[in-house]
Amino acid sequence: MNVSKWALITGATSGIGWATADALAAYGYNLLITGRRSSRLDALEGHLHAKYQHKIAIKKASFDISDRYQTSEFLKAHYAELDHLAVLVNNAGLAKGTEKMQEGSLEDWDAMIDTNIIGLLAMTRGVLPHMIKKKSGHIVNIGSVAGRWIYQGGGVYCATKFAVRALSEGLRMDLMGTNIRVTNIEPGMVNTEFSLVRLGDQKKADSVYANMNPLKPEDIAETIAWCVARPQHVNIQELVIYPTDQAHVGMVHREI
Ligand code: NDP
Ligand code: 8X3
């Protein structure tokens, strides 16, 4: 095993996670990439090996992070890589639905809470003993502007991202003296599969980004790579990143 430095990216099968794998590969990180869709992990592995000429090691793990048992089996199976983990990017996440709470689906709420909060927590809890042992590491959480401001029909999703913000802050306090950094990245609109997953319809998803210039996954990935590349004594705690066309949640300039 190439032991130099490993990064674990959850939700690497698409969007921000995929782009982050690419950005960290460019910095020479070996990658542990996860997500439920194994064919996408295979495609990402092929893309990265072609682009970086097999200079980095890649391990793939396909599992459902909202299932605590599957996450714990993943952690057990990758103990060796985790001992060399420099970066964990807690990116896997989703929004489901835009209904008002009085009409919301409990299944959708379970999916958001179990993925965005419980999955992130279980993964973080699993890797921390490895990082604490070597007194170094960087946890990058993908929060959202939805973790700072609330919008109608987004209450539960927003609550999960408020939780990510609170957990990031609490973690920084608990980890004081361990040398481990914790960053919360809070993007506005990024054109990924996010809206397709949320709305379940490609046309509706396309309309979210119509006539405006949203962020690209690469914009967030480059920011993550920049945070990670800061000197060890520098911790970028929080970063809010909007597209220029978006002034606030729900306030978007569209050229029509
Ligand atoms: P995508 O839908 O493109 O990517 C989401 C990723 O999360 C996929 O790789 C998906 O993999 C993974 N994922 C979702 N559920 C699970 C699960 N149960 N188990 C394992 N993996 C899972 O969306 P984004 O790239 O936009 O989203 C990435 C993160 O960014 C999320 O946390 C999202 O909340 C956040 N975010 C997104 C914004 C946006 O506007 N797009 C803005 C602010 C934050 P798979 O389906 O293969 O399991
Ligand atoms: C995704 C951004 O504004 O759609 O977290 O909630 S938003």
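## Two ligands, one pocket: worked exercises

An oxygen atom of ligand 1 is 2.6 Å from a side-chain N or O atom of T192. The protein covers 95% of the 870 Å² of accessible area that ligand 1 has on its own. The model is predicted.

**Exercise 1.** Identify the polar contacts that S14, G188 and T192 make with ligand 1.

*Solution.*
- Step 1. Set the cut-off: a polar contact is a pair of N or O atoms within 3.5 Å.
- Step 2. Take S14. A polar atom of its side chain lies 2.4 Å from an oxygen atom of ligand 1.
- Step 3. Take T192. Its side-chain N or O atom is 2.6 Å from a ligand 1 oxygen atom.
- Step 4. Take G188. Here a polar backbone atom is 3.4 Å from an oxygen atom of ligand 1.

**Exercise 2.** Describe the shell around ligand 1.

*Solution.*
- Step 1. Count the residues: 29 surround ligand 1.
- Step 2. Pick out the closest: T13, S14, R36, Y157 and T192.
- Step 3. Sort the shell by class. There are eleven nonpolar, 13 polar and five charged residues.
- Step 4. Turn to secondary structure. α1 (15-26) and α6 (155-174) each supply at least two residues of this shell.

**Exercise 3.** Work out which residues surround ligand 2 and which polar contacts they make.

*Solution.*
- Step 1. List the neighbours: S144, A146, Y151, Y157, F194 and R198.
- Step 2. Sort them by class: four are nonpolar, one is polar and one is charged.
- Step 3. Check S144. A polar side-chain atom lies 2.5 Å from an oxygen atom of ligand 2.
- Step 4. Check Y151. An N or O atom of its side chain is 2.5 Å from a ligand 2 oxygen atom.
- Step 5. Check Y157. The distance from a side-chain N or O atom to an oxygen atom of ligand 2 is 2.6 Å.
- Step 6. Add the cover. On its own, ligand 2 has 250 Å² of accessible area, and the protein covers 83% of this.

**Exercise 4.** Characterise the largest pocket and place the ligands.

*Solution.*
- Step 1. Give the volume: about 1,200 Å³ of space lies in the largest pocket.
- Step 2. Name the elements. α1, β2 (30-35), α6 and α7 (194-199) each give two or more residues to the lining.
- Step 3. Find the main contributor. α7 gives the most, with five residues.
- Step 4. Count the lining: 50 residues, with G93, L94, Y157, T192 and F194 nearest the centre of the pocket.
- Step 5. Divide the lining by class: 20 nonpolar, 23 polar and seven charged.
- Step 6. Place the ligands. Ligand 1 sits in the largest pocket, and ligand 2 sits there too.

**Exercise 5.** Trace Y157 through the results.

*Solution.*
- Step 1. Y157 is among the residues closest to ligand 1.
- Step 2. Y157 also belongs to the residues surrounding ligand 2.
- Step 3. In the largest pocket, Y157 is one of the lining residues nearest the centre.

Conventions:
Residues are numbered from 1 along each chain as its sequence is written. Chains are lettered from A and ligands numbered from 1 in the order in which they are written. This is a predicted model: local features need pLDDT of at least 70, side-chain atom pairs count only at pLDDT 80 or more; totals for chains, interfaces and linings use all residues. Side-chain values use heavy atoms; hydrogens and water are left out. A residue is near a molecule or strand if one of its heavy atoms lies within 4 Å of it. A polar contact is a pair of N or O atoms within 3.5 Å; within protein, one must be able to donate a hydrogen and the other to accept it, and residues adjacent in sequence count only if both atoms are side-chain atoms. Accessible areas come from the Shrake-Rupley method with a 1.4 Å probe; for residues, only the protein chains shown count as cover. On a 1 Å grid over the protein atoms alone, a cavity is a set of points where a 1.4 Å probe fits but cannot get out, and a pocket is an open set with protein on both sides within 12 Å along at least five of seven lines; lining residues have an atom within 4 Å of a point. A molecule sits in a cavity or pocket if more than half of its atoms lie within 2 Å of its grid points. Helices (H or I, at least four residues) and strands (E, at least two) are DSSP runs, numbered from the N terminus. Ala, Val, Leu, Ile, Met, Phe, Trp, Tyr, Cys and Pro count as nonpolar, Asp, Glu, Lys and Arg as charged, and the others, Gly among them, as polar. Grid points are joined across faces, edges and corners, and a volume is the space filled by probe spheres set on the points.
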